[in-house]
Amino acid sequence: MDTEKKESLAVVCINCGHPVTELYRKYGESVIKMTICANCNQIADKYIEFEPVVILIDLVLLTKSAYRHILFNGYFKNFWKLFIILVLMESYMKWMNLPAAKNNQESEKNFYICGLWILGENFLFFCILRGSVGIFEYFLKRSASTLPGRAENLSLLLWKGIILASLGKFLFVPIVIWQDNSSAFALQIHSMLVMGYFLLSLICSCSVVLCYSRLEATCIVLQSLLVKSLIVNRLGDVVKIF
């Protein structure tokens, strides 16, 4: 990636989150000088020289610097593809837990309904989370100007952060594969562990995107999940009536 393109994008230090003008400066075909952050005096983005697998490992370990690299400094453009895969996976899991359909047509229709339901749940959670952030900052009289590193396109970045945090949901795949050979108790424990990891990932991602402390991010995420669960359960009861 050439220096001109690097400079045209808003990049941040992955250690402290403060904006930097560039991540590196290229002096020749093979000579690169890494930028030192003026705020924390560390290399602004060490992951530039790392293999993707190393970044993925740090992402799984919930390292804030890995989240900052991907969301702010990285060039991963396939968030929408990842979102579609996650929706299809969650839809399949919801669909397979439904009572057996009378015929193939009804079974196919149920799968599409599950897909729309999962899409609705995701959009609802995003709206609640974004609204909670606005209310939180309104009452605390906090503005983006007081948060160094806060992105201008906050809604888009928050959506990407949710998708990135949802990578942990791929751990549901073993449930799909081995559910016939596992007890209900084991499957329940597995599901609880996966959802717990997803919660931690979501807190880490929101902390990075919103430039909040982990405590503030935890409060925002838990409140948003609670409101979402109440609304979804209420809508589920209404749908059953009809």
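Trainee: Which residue forms a salt bridge with Glu22?

Mentor: Happy to start there, keeping in mind that this is a predicted model. Glu22 sits in the loop between strand 2 (19–20) and strand 3 (24–26), and its side chain makes a polar contact with another side chain. The closest N and O atoms of the salt bridge are 2.7 Å apart, and the partner is Arg25.

Trainee: Is Glu22 buried or exposed?

Mentor: The cut-off for buried is under 20% relative accessible area. Glu22 has a relative accessible area of 7%, so Glu22 counts as buried. Its partner Arg25, at 39% relative accessibility, counts as partly exposed. For Glu22, then, the word is buried.

Trainee: How many salt bridges does a search of the whole structure find?

Mentor: Let's list them. Arg25 pairs with Glu22, Glu90 pairs with Lys169 at 3.3 Å between the closest N and O atoms, and Glu121 pairs with Lys228 at 3.8 Å. The search of the whole structure finds three.

Trainee: How many residues apart in sequence are the parts that Glu90 and Lys169 tie together?

Mentor: Glu90 and Lys169 are both buried. Glu90 lies in helix 4, whereas Lys169 is in the loop between helix 6 and helix 7 (173–178), so the parts this pair ties together are 79 residues apart.

Trainee: And how far apart in sequence are Glu121 and Lys228?

Mentor: Glu121 is buried, with a relative accessible area of 16%, and Lys228 counts as buried at 19%. Their salt bridge links distant parts of the chain, helix 5 and helix 9, and the separation is 107 residues.

Trainee: Which helix gives the most to the largest nonpolar core?

Mentor: Good one, as nonpolar side chains in soluble globular proteins tend to be buried together. This core has 41 residues, and Tyr67, Leu71, Leu202 and Cys206 touch the most other members. Helix 2, helix 3, helix 4 (79–96), helix 5 (104–139), helix 6 (154–165), helix 8 (184–210) and helix 9 (214–241) each supply at least two residues. With eight residues, the one that gives the most is helix 8.

Trainee: Which residues does Cys206 touch, leaving out those up to four places away in sequence?

Mentor: Cys206 is among the core residues that touch the most other members. Not counting residues up to four places away in sequence, Cys206 touches Leu129, Leu158, Cys211, Ala217 and Val221.

Trainee: What is the accessible area of the nonpolar patch that includes Phe50?

Mentor: Phe50 is found in the loop between strand 4 and helix 2, and with a relative accessible area of 34% it is partly exposed. The patch joins Phe50 with Val53, Val54, Ile57 and Leu61, and together their accessible area is about 440 Å².

Trainee: Is Leu62, with its positive phi, buried or exposed?

Mentor: Most residues other than glycine have a negative phi, but phi of Leu62 is near 60°. Leu62 is found in the loop between helix 2 and helix 3 (64–73). Its relative accessible area is 17%, so Leu62 is buried.

Trainee: Is Asn41 buried or exposed?

Mentor: Asn41 also has a positive phi, about 60°, although it is not a glycine. Its place is in the loop between strand 4 (32–34) and helix 2 (52–60). At 61% relative accessibility, Asn41 counts as exposed.

How values were computed: Residues numbered from 1 in each chain as written. Predicted model: local features only at pLDDT ≥ 70, side-chain atom pairs only at ≥ 80, totals over all residues. Heavy atoms only, no water. Helix = DSSP H or I, 4+ residues; strand = E, 2+ residues; numbered from the N terminus. Buried < 20%, exposed > 50% of the residue type's maximum accessible area, 1.4 Å probe, protein only. Core = buried A, V, L, I, M, F, W, Y, C linked by side-chain atoms within 4.5 Å. Contact = heavy atoms within 4.5 Å. Patch = residues over 30% accessible without salt bridge, like charges linked within 9 Å, V, L, I, M, F, W, Y side chains within 5 Å. Areas by Shrake-Rupley, 256 points an atom, 1.4 Å probe, with all protein chains shown as cover. Salt bridge = Lys/Arg side-chain N within 4 Å of Asp/Glu carboxyl O. Polar contact = N/O pair within 3.5 Å; in protein donor to acceptor, adjacent residues only side chain to side chain.
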